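Colleague: I have a predicted model open on my screen and would love a guided close look at one part of it. Could you walk me through it, and then out into the surroundings?

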Amino acid sequence: MSRPRVVILGAGVAGHTSAAFLKKWLGKEAEVIVISPRPDYNWIPSNIWVGVGLLRPDQVTFSLPPVYQRKDITFHQAKATVMHPEGQGDDHTPFVEAESTLEGRAGEVIRIPYDYLINATGPKLAFEATPGLGPKGHSLSVCTAPHALEASLALDESVARMRKGERQRFLVGTGHGTCTCQGAAFEYIVNLEFELRARGVRDKADITYLSNEFELGDFGMGGIHIRRGGYVTPSNIFTESLFAERGLRWVTQAHVKGLEPGCASLEFLNGEEGEERFDLAMLLPPFKGVGLKALDRQGTDITDRLFAPSGFMKVDADYQAKPFESWRASDWPHTYQSPAYRNLFAAGIAFAPPHPVSRPRQSPKGTVITPAPPRTGMPSAIIGRAVARSIVDMIRGAEKPTQTASMAEMGAACVASAGANPFRGTAASIIVFPIIPDFERYPEYGRDMNHTFGEIGLAGHWIKILLHHLFIYKAKMLAFWSLIPE
Amino acid sequence: MATEKTPFDQGRQAQGVFATKPTDFTKSLRTNILWQMVRFVVINIKMIKVIRKSHS
Ligand SMILES: Cc1cc2nc3c(=O)[nH]c(=O)nc-3n(C[C@H](O)[C@H](O)[C@H](O)COP(=O)(O)OP(=O)(O)OC[C@H]3O[C@@H](n4cnc5c(N)ncnc54)[C@H](O)[C@@H]3O)c2cc1C
């Protein structure tokens, strides 16, 4: 009898974690197959430092094929396009179609049959949502290592101009009303400011933070509250404080309608319009699903059944539309199994969240200006591992998934760099529990105040460095890798 | 040299007026090596607790 085949789409934080644990737990009992369009693993959080010229792209990436070969994981360098969860015609074996991205074979279609499938394709960087946004338009990004390198080269040019006496305007933030990942924009702006000081040109720079958040410090999580100095203080106070201390200006409640060279046109929540001029803009794109399609056995398109309109995959969450006041922590998924097919799962950013966490808001014109919910690295990895364990148990006879990893029941530790230097650097160490606020369990703030915490200091920077090395070591699956927590 | 206030500076100052700002002492603690070694241990313990709680 042939071995069960577990196919994983995506080799990012979630997919790679799933693949690593599946192989560790199943050994030769099953074939583990990874399909991903790029041959590299990217430790995305450290792209921020590439974007300010402190790291090279090769310090935040490594080649996956040798790692997978060493661990007996099959790797296809390809982009998954269509799922056939029921097989095709008389052949009931589910399979996935992918287009090769290998040089010389680009576009060649391969079919990979599976017994279990994990969709861990992460986000599509939807620059096209805002005309002129992105590296092909008039702004920069740090979402991938090559984007971050481009940002650092543009920064070098700006610094050269400042050294000649020119003033430069920097615009950093979110490039659309529905963006998530404000944490990354926050990290980039404070690192940029720190770096400009280090290069001796800070006095020539006007730096503005542009955000779709209702107020600073929302981060798509509806903000957090922290006990400090005898008060329970919301995160907007801390964020404003840091920005004021660093001389950063901020513009919130903004949707970017479009970018022209050097100018961003804005629409605000109150209906007003405006513009921000810049010499260098690093604006994050909104995230969408990567656009996978699904067909049933007869070839009928069932994409709508499997995916939300955003392109993210529907899992065991409560997707019923309801008012903000009726949202429950328990709406969030537990097992990440597709309600349509028991052998189909989504992990990391690829699953469709049931609703935002921040209160939804629209401008009078109906433009949504609300951060989408965050899905940071730690939950993505924990979900990837939980899904892997469930699949192992199902292969061994369990009827249904055995593991749960609800974001409303797990915390996240996040270290946001605020300047990289072993003696003068700082980072904000933030811990929230749970990630999705649970107002039934924690009526006042939605979170457990004994575990929710934030502090800025050099220790955070040391932790950030440690995490960079630990997580790259772990991803390379070197000795004792599995002892390093997600 | 008297520096002219650009509109950027004016906007920034207006926002900054109402923001909580750290004292020099607080700022110095952020990069004080000995204090930060202590905080390194404390923050790691806090993180490990939450990681344990999240994996259970
Ligand atoms: C600049 C930046 C900084 C960040 N900093 C932090 C931080 O400090 N801390 C933190 O916790 N989180 C941080 N995050 C968030 C973190 O990177 C994400 O939560 C995490 O990468 C999500 O993991 P994922 O596996 O879902 O997606 P990804 O890591 O994006 O992986 C998706 C994978 O799917 C592949 N793929 C895409 N399309 C297809 C397809 N059609 N077929 C097959 N494979 C496909 C991709 O190539 C990739 O390998 C940051 C994000 C950004 C952008």
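In which helix of chain A does Thr17(A) lie?

Modeller: Happy to help! Thr17(A) lies in helix 1 of chain A. Please keep in mind that this is a predicted model, with an ipTM of 0.87 and a pTM of 0.95.

Let's begin with Thr17(A) itself. Its relative accessible area is 12%, so Thr17(A) is buried, the cut-off being under 20%. A polar atom of the Thr17(A) side chain lies 2.5 Å from the backbone oxygen of Val13(A).

Helix 1 of chain A, residues 13-26, also holds Phe21(A). The search for aromatic pairs over all chains found 13 of them in the whole structure. In one of these, Phe21(A) pairs with Trp481(A) in an edge-to-face arrangement, with 5.0 Å between the ring centres and 65° between the planes. Trp481(A) sits in the segment after helix 9 of chain A, so this pair ties together parts that are 460 residues apart in sequence. Both Phe21(A) and Trp481(A) are buried.

Helix 1 also leads us to the ligand, as it is among the elements of chain A that give two or more residues to the shell; I'll list the others in a moment. The ligand is surrounded by 32 residues, and the closest are Ala14(A), Ala80(A), Ile349(A), Arg375(A) and Gly377(A). For polar contacts, look at Gly10(A), where a backbone N or O atom lies 3.4 Å from a nitrogen atom of the ligand. Gly12(A) likewise places a backbone N or O atom 3.3 Å from an oxygen atom of the ligand. From Ser36(A), a polar side-chain atom lies 3.2 Å from an oxygen atom of the ligand. On its own the ligand has 1000 Å² of accessible area, and the protein covers 90% of this. The elements giving two or more residues to the shell are helix 1, strand 2 (31-36), strand 5 (74-84), helix 5 (182-198) and helix 8 (377-395) of chain A. Helix 8 of chain A gives the most, with 3 residues.

Arg375(A), one of the closest residues to the ligand, has a ring partner too: Arg375(A) lies over the face of Phe312(A), at 5.1 Å from the ring centre. A second arrangement of this kind involves Arg361(A), which lies over the face of Phe214(A), at 3.7 Å from the ring centre.

Next, follow helix 5 of chain A away from the ligand. Phe186(A) lies in this helix and is buried, with a relative accessible area of 6%. Ring pairs link Phe186(A) with Tyr209(A), Phe219(A), Phe243(A) and Trp250(A) into a cluster. Phe243(A) is also one of the buried residues of helix 6 of chain A, along with Ser235(A), Asn236(A), Thr239(A), Glu240(A), Ser241(A), Leu242(A) and Ala244(A). That makes 8 buried residues out of the 11 in helix 6 (residues 235-245), so this helix is largely enclosed by the rest of the structure. Between Phe186(A) and Ala244(A), the C-alpha atoms are 13 Å apart in space, while the two residues are 58 apart in sequence. Just after helix 6, Gly247(A) takes a positive phi of about 70°.

One more glycine deserves a glance. Gly220(A) lies in the loop between strand 11 (205-210) and strand 12 (225-228) of chain A, and it counts as buried at 0% relative accessibility. Its C-alpha atom is separated by 9.8 Å from that of Thr178(A), 42 residues away along the chain.

Finally, a look at the partner chain. Chain B has 3 helices and 0 strands, and 25% of its 56 residues count as buried. The accessible surface of chain B comes to about 4100 Å², with 63% of it belonging to carbon and sulfur atoms. The mean pLDDT of chain B is 85, and 86% of its residues reach 70 or more. Among the elements of chain B, helix 2 (residues 24-30) has the highest mean pLDDT, 96, and helix 1 (residues 7-17) the lowest, 74. Where pLDDT is low, the predicted coordinates should not be read in detail.

Methods: Residues are numbered from 1 along each chain as its sequence is written. Chains are lettered from A and ligands numbered from 1 in the order in which they are written. This is a predicted model: local features need pLDDT of at least 70, side-chain atom pairs count only at pLDDT 80 or more; totals for chains, interfaces and linings use all residues. Side-chain values use heavy atoms; hydrogens and water are left out. pLDDT is the predictor's confidence in each residue, from 0 to 100. Helices (H or I, at least four residues) and strands (E, at least two) are DSSP runs, numbered from the N terminus. Buried means under 20% relative accessible area, exposed over 50%, partly exposed in between (1.4 Å probe, protein chains only). Rings of Phe, Tyr and Trp (its six-membered ring) pair if their centres lie within 6.5 Å; planes under 30 degrees apart count as stacked, over 60 as edge-to-face and the rest as tilted. A charge sits over a ring if NZ of Lys or CZ of Arg is within 6 Å of the ring centre and within 35 degrees of the ring normal. A residue is near a molecule or strand if one of its heavy atoms lies within 4 Å of it. A polar contact is a pair of N or O atoms within 3.5 Å; within protein, one must be able to donate a hydrogen and the other to accept it, and residues adjacent in sequence count only if both atoms are side-chain atoms. Accessible areas come from the Shrake-Rupley method with a 1.4 Å probe; for residues, only the protein chains shown count as cover.
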